[in-house]
Amino acid sequence: MISKNIIALGVNSFFTDFSTEMILPLLPLFLERFLHANKSEIGLIEGVAEFGVALLIALSGFMSDRMGKRKNLVLLGYALSNLIKPLAFFAQSAGMVALVRFSDRVGKGIRSAPRDALISAFVTPKTTGLVFGFHKMMDSAGAIAGSLFAFFMLWYLGEKESTFRTVFLLSIIPGLLSLVVILFWVEDAPFTPAPLKAFRPSALSKPFYLLVLFQSLFALASMNYAFMILKAEEHETLLALILLLYTLYNGTLSLSAIHIGKFADQYGKPLLLALIYLFFAIATALMNYGGEIGIWLGFAIYGFFAGGFNSLAKAIIADNTPKELKASAYGVYYFSIGVCTLLSLSIGGWLWDTIGSSLLFTISMSIAFILSCALFLVRHSFRE
């Protein structure tokens, strides 16, 4: 049911996320503690990083569909990300961190659409949820390994700036392993590209645009991992425990992703996506009002949300888009999400510095709940 190529792409993602998550949960803390950045600057850095994805992802998807090949762009994107991330070791300012994060996300922008299109070449409509769930599970398994490695490094060497920088540098090892996997074990899936005139907005379906609308509105209202970590720190949680919280988040993500995909294939992907929105609302409510226990429960439920948010959307796109336009469709989707995330994190950081985190989390929770109800009502508009 899951082909060798899908497994190889999953292993590649495992090592890439191992490398990424050695760094990612530490960056907002590194910025705040050692480079003295405020919440507005951290939000802007994360927003610009996500915009780096949006900047290239639509172009990359279009190019992949025009080339009739996927693997070369996928390899280029993974190489850029995995060779750039360790340069955080040399960062002496928030601007340098922003440059590293932006470059890393440009790599993600290059690879994501052709990679998802490559995955969709090896699935059937009855297995899209399962396969994209499996890929997300492998992502998060690597994330667990990376964040646990960072935890043990900080536990053993101490919560010092030099420890942070050592972890950043060591991230190159799993990054290089991921490149070996994709270079030697991932096969391409060549196809006959559609003529240029086929690439027009009207060629993509109404259900596709409805999905993009919902996901984009959600991205405007939601917050990413950086704000969740800073919320935990606001409760005076020890740094090492914050890394365990992040591991808990990745653990629930990993355990739930493939099961969410299976249930989605059985009961309907839009229905499961509406529930995923609801999980986010519950997670933010717990983090905001539940005290120390709420932080732990919130991170666990946030993992369920992350296990389905993008993977279910990608499965819906696979079901509602012709083969020769899949990478272009993923490109449009990621571009819209990236622009909305840039706006969300930039405005969210400013609001945090201005009015505090409590009202910000309340607004995010309320909009997520409204979108969950709305998506549930229009769920039959999508093709299954």
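Angles from 65 to 115 degrees count as roughly perpendicular, those over 145 as roughly antiparallel, those under 35 as roughly parallel, and the rest as oblique. The close-ups below all come from a predicted model.

**View 1. Helices α5 and α6 cross at an oblique angle.** Here α5 (residues 94-120) packs on α6 (residues 128-157) at about 130 degrees, and their axes sit 10 Å apart. That angle falls in none of the named ranges, so the pair is oblique. The crossing is right-handed. On the α5 side, look for Arg115, Asp116, Ile119 and Ser120; they meet Val131, Phe132 and His135 of α6. It's a mixed bag of residues: three nonpolar, two polar and two charged.

**View 2. Helices α1 and α8 pack roughly antiparallel.** With α1 (residues 4-23) and α8 (residues 172-185), the angle is about 165 degrees and the axes are 8 Å apart. That is over 145, so α1 counts as roughly antiparallel to α8. This crossing is left-handed. From α1, the contact takes in Phe15, Phe18 and Met22, among others, while the α8 side includes Leu177, Val181 and Trp185. No charged residues turn up in this contact, which splits into ten nonpolar and six polar.

**View 3. The largest pocket is lined by nonpolar and polar residues.** Its volume comes to about 160 Å³. Helices α9 (206-221), α14 (326-355) and α15 (357-377) each give two or more residues to the lining. Among the lining residues are Leu220, Met223, Ile347, Leu351, Ile363 and Ile367. The tally for the lining is eight nonpolar, four polar and no charged.

Terms used: Residues numbered from 1 in each chain as written. Predicted model: local features only at pLDDT ≥ 70, side-chain atom pairs only at ≥ 80, totals over all residues. Heavy atoms only, no water. Axes fitted to C-alpha atoms, helices over the stretch in contact; angles between N-to-C directions. Helix = DSSP H or I, 4+ residues; strand = E, 2+ residues; numbered from the N terminus. Left-handed = near helix turned anticlockwise from the far one by under 90°. Contact = heavy atoms within 4.5 Å. Nonpolar A, V, L, I, M, F, W, Y, C, P; charged D, E, K, R; others polar. 1 Å grid on protein atoms, 1.4 Å probe; cavity = no way out; pocket = protein on both sides within 12 Å on 5 of 7 lines; lining within 4 Å. Points joined across faces, edges and corners; volume = space filled by probe spheres on them.
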